[in-house]
Amino acid sequence: MENSPEKFYREQRQQAEKEQKRLTRLVRLVALYRFTAFAAIFVLFWLLHRHLFWATAAAVASLAVLLLLVKWNAGLEKQLKRNLVLLQLIGDEQKALLFEYLHFPDGREFLDINHPFSYDLDLFGEGSLFQFLNRTATYSGGRLLAGWLLHPPLSGAEIRQRQEAVRELSGMPGWMLNFRTEGNLLRESAEEHRSLLAWTETPLKLKQVGWLRIAGWLLPLLTLLSAIPLLLGGSHLLLLFFVLVQWGFLFSFKKEIAGFYRIFGEKSKLIEKYLSLLKIIEESAFTSEMTGALRQKITRPEPAGVAVGKLLKWLARFEYRQNILVGLVLNSLFLWDLRCVFQLWKWHAQNREKLAGWLESVETMDALVSLANFSGNHPAFSFPEPGDDDFILEAVGMGHPLIRPEKRINNDFSVQGWSKVLIVTGANMAGKSTFLRTVGVNLLLARLGAPVCASAMKFTPVTLFTNMRTTDSLLKEESYFFAELKRLSGLLERLRSGEKLMVILDEMLKGTNSEDKLNGSRELVRQLVQTASVTIIATHDLKLADMEQQFPENVRNYCFEISLSGQQMVFDYQLKPGVTRTMNATWLMRKMGIIPSQTTP
């Protein structure tokens, strides 16, 4: 955003509130006009009833004005609804800039405690990274964004391509707000989206298509020609005959007509939503490779908006049957319902496979908009530089993106080369676990193609594996300790197969005694330094730091220090080389009265 995000949303809100007042006044005024036009139909007819021609003409003119006013009012109501959605989105973003984001969908349906890193890094659920990022306006866009978080790309080229698209869109805040507003006019359910996808996968059946193709134009033509004798003062029997023939056709296809009306009618609103999103993409001039490819996918050989627009026109024509009088005339003269059914069948046969691709383009753009909105809302964040050579993770001023800036403590961090283990010690609440998540979340954002919470960052795209919140399972009759062993066993199996991993471990082997835990942890470190991995281990066990002496080329010690002074405990949350000198468990227990402040001999 050229201006600050706060200023942008403030200006957008002012414009939307001004538009809201204008539309509200217009709707009230048009309501008055409608009442006047409706009353005029009867008043004018009564005043002019002695002159039947003029009375009828005045009534018809008043009716025509009334219909125009009804159409105008419908358009105003739609604009009003859109503006209300826009105001809601702006208000949500203003809250998000204050780190109030719990009103967004949290993606708890994607929670998976067995995933290599999502549960430990709080990717889903209340207060999660997904909730912080997600601004998707389509059901499938939200699922795609979740999929990107769970399986971010490892290719440097793909990451750079996505970065380029996110940069471009983040510089188009008005465009993104328009896209999101159109998408949020209708929130689709999972079932509605699955139904739409299934509709694109299965051809619709229609019997006697060949006969319908001929009858669709021949019968209406013969019916209109049969009216000529009647107009010339002759018999009406021929016209009546062809009208009955048309109704015979309609009766024989009544199941197909009802089925098509149900199938297409249920999807008309959702299709209309996607049409508006497709048009927004079509009418935009993108410069990045990824967004340009998405636009090209829906504009060649025929613009998707044109094709979907044709579908909506036939759906609107099919709706005429809802008016009994209009439906009676159209079906008697033009075989209307069957003509609509045939055209809808034809459209589906020609475009159903294309429609699936168009929907994919919309959902990809939808997910990109979430990443770009995140970038625009945090201009101080930077796009990291992916590398393709030996492992590197070098960050300047790195912090956790979900922590408010005034409370966030940033740290520089650097590690190069494989077969490295970084042991982080520190007292309780000193910042070890937050630092581990900071590294994991920023590496994940980097792989997504999004900006990271750092002044600068270089990284090698690498698969993440974490073990921070192992849970027991009563259902599987697994203890906490056994569950952790299974997870660590799976980690080593992957590393021994030659896979390269970034590993984050928080207090290993928590479910066993101290001596056994230390011995097991030491052995695990010995295994890790023999693999193509980079591991960060947070621990309270200071003896584990002795591993640096055994493997000086592979193991490095870091710590978070605190200072205890009387009744005060001071945290600086700054990562430092070396081993911590201060622990605080006993101090905290005394302060809270769990154990006496002084012990007697």
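The paragraphs below lead through a predicted model of a protein, from its overall dimensions to its strands and then to single residues.

At the level of the whole chain, the secondary structure of the protein comes to 19 helices and 10 strands. The radius of gyration is 34 Å, whereas the globule rule gives 25 Å for 601 residues, and because the value is well over that expectation, the protein is more spread out than a compact globule. The extents of the C-alpha trace can be set beside this value: along the principal axes the trace spans about 125 × 55 × 50 Å.

Burial and contacts fill in this picture. Of the 601 residues, 50% count as buried, and the protein exposes about 30,300 Å², of which carbon and sulfur atoms supply 58%. Among the contacts between residues at least 6 apart in sequence, 75% join residues that are at least 24 apart. As for charge, the protein carries 70 positive and 60 negative side chains, and the centres of these two sets lie 9 Å apart.

The strands come next. In general, strands of a sheet pair through backbone hydrogen bonds, and this pairing is either parallel or antiparallel. In this model, 4 strands form an open sheet with mixed pairing, in the order S1-S5-S2-S3. The edges of that sheet are strand S1, at residues 385-386, and strand S3, at residues 411-416, each of which pairs on one side only.

Strand S2, which covers residues 392-398, pairs with S3 in the antiparallel sense over 5 bridges, and within S3 it is Gln 416 that stands opposite Ile 392. S2 also pairs with strand S5, residues 456-459, again in the antiparallel sense and over 4 bridges; here the bridge partner of Leu 393 is Phe 459 in S5. S2 is mostly covered, with 5 of its 7 residues buried.

Strand S7, at residues 501-506, offers another set of pairings to follow. S7 runs parallel to strand S6, residues 463-467, and 5 bridges join the two, with Val 503 in S7 serving as the bridge partner of Phe 465. S7 also pairs with strand S8, residues 533-539, in the parallel sense over 6 bridges, and in that pairing Val 503 stands opposite Thr 535 of S8. Val 503 therefore has a bridge partner in S6, namely Phe 465, as well as one in S8, namely Thr 535, if pairing is taken to mean that DSSP finds at least two bridges between the strands.

The burial of S7 can be described residue by residue. S7 is mostly covered, since 6 of its 6 residues are buried. Leu 501, Val 503 and Leu 505 lie on one side and Met 502, Ile 504 and Asp 506 on the other, and with these residues all buried, both faces of the strand are covered.

Just beyond this strand, Glu 507 lies in the loop between S7 and helix H17, which spans residues 514-528. Glu 507 has a positive phi of about 50° although it is not a glycine, and at 10% relative accessibility it counts as buried, because the cut-off for buried is under 20%.

Gln 208 also has a positive phi of about 50° without being a glycine. The loop that holds Gln 208 runs between helix H7, residues 190-201, and helix H8, residues 209-231. With a relative accessible area of 49%, Gln 208 is partly exposed, whereas Glu 507 is buried.

A further backbone feature is found at Pro 301, where the peptide bond from Arg 300 is cis, with omega near 0°. Pro 301 is placed in the loop between helix H11, residues 289-299, and helix H12, residues 304-318.

The last residue to consider, Asn 351, belongs to helix H14, which extends over residues 336-377. Asn 351 counts as buried, at 4% relative accessibility. When residues up to four places away in sequence are left out of account, Asn 351 touches Ala 307 and Trp 358.

Methods
Residues numbered from 1 in each chain as written. Predicted model: local features only at pLDDT ≥ 70, side-chain atom pairs only at ≥ 80, totals over all residues. Heavy atoms only, no water. Rg over C-alpha atoms; globule rule 2.2 N^0.38 Å. Buried < 20%, exposed > 50% of the residue type's maximum accessible area, 1.4 Å probe, protein only. Contact = heavy atoms within 4.5 Å. Areas by Shrake-Rupley, 256 points an atom, 1.4 Å probe, with all protein chains shown as cover. Lys, Arg positive; Asp, Glu negative; His and termini not counted. Charge placed at Lys NZ, Arg CZ, Asp CG, Glu CD.
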